[in-house]
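Colleague: Got a minute to go through the labels on this one with me? I'd like to hear the reasoning behind each.

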Amino acid sequence: MPAHRRFRRVVRIGPVQVATAYDSRGREKHTAACTSPRCGFSADYDSRSAAELAARTHRCPVR
């Protein structure tokens, strides 16, 4: 079975999008991912505030 995530509460902070979803074990996870081409930054966090902090402090090397 493919691991599809249903993202909710998607917000954009600069070039980074932050979203909330449930992982394969049913736990809530928060993802921050840069949308700039060739950047490659993305990370999962246990708290929404940590994901939003990562988005605010991300310094995209491509931009």
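What follows is a short chat about the labels used for this predicted model.

Colleague: What makes β1 and β4 edge strands?

Modeller: The sheet is open, with four strands in the order β1-β2-β3-β4 and antiparallel pairing. Strands β1 (8–13) and β4 (42–45) each pair on one side only.

Colleague: How do you know that β3 and β4 pair?

Modeller: Two strands need at least two bridges to count as paired. Strand β3 (residues 28–34) and β4 have four bridges, in the antiparallel sense, so they pass that cut-off. Thr31, for example, has Asp44 in β4 as its bridge partner.

Colleague: Why is the contact of Glu28 with Arg8 called a salt bridge?

Modeller: The closest N and O atoms are 2.5 Å apart, and the cut-off is 4 Å, so the pair qualifies. Glu28 sits in strand β3 and Arg8 in strand β1, 20 residues apart.

Colleague: And Arg27 with Asp23, what makes that a salt bridge?

Modeller: Their closest N and O atoms are 3.1 Å apart, which is within 4 Å, so the label holds.

Colleague: Why is Asp23 called buried?

Modeller: Its relative accessible area is 15%, and buried means under 20%, so Asp23 fits. Arg27 has 44% and is therefore partly exposed.

Colleague: Lys29 and Asp46 also meet in a salt bridge; which of these two is buried and which exposed?

Modeller: Lys29, at 17%, counts as buried. Asp46 has 61%, and exposed means over 50%, so Asp46 is exposed.

Terms used. Residues numbered from 1 in each chain as written. Predicted model: local features only at pLDDT ≥ 70, side-chain atom pairs only at ≥ 80, totals over all residues. Heavy atoms only, no water. Helix = DSSP H or I, 4+ residues; strand = E, 2+ residues; numbered from the N terminus. Salt bridge = Lys/Arg side-chain N within 4 Å of Asp/Glu carboxyl O. Buried < 20%, exposed > 50% of the residue type's maximum accessible area, 1.4 Å probe, protein only.
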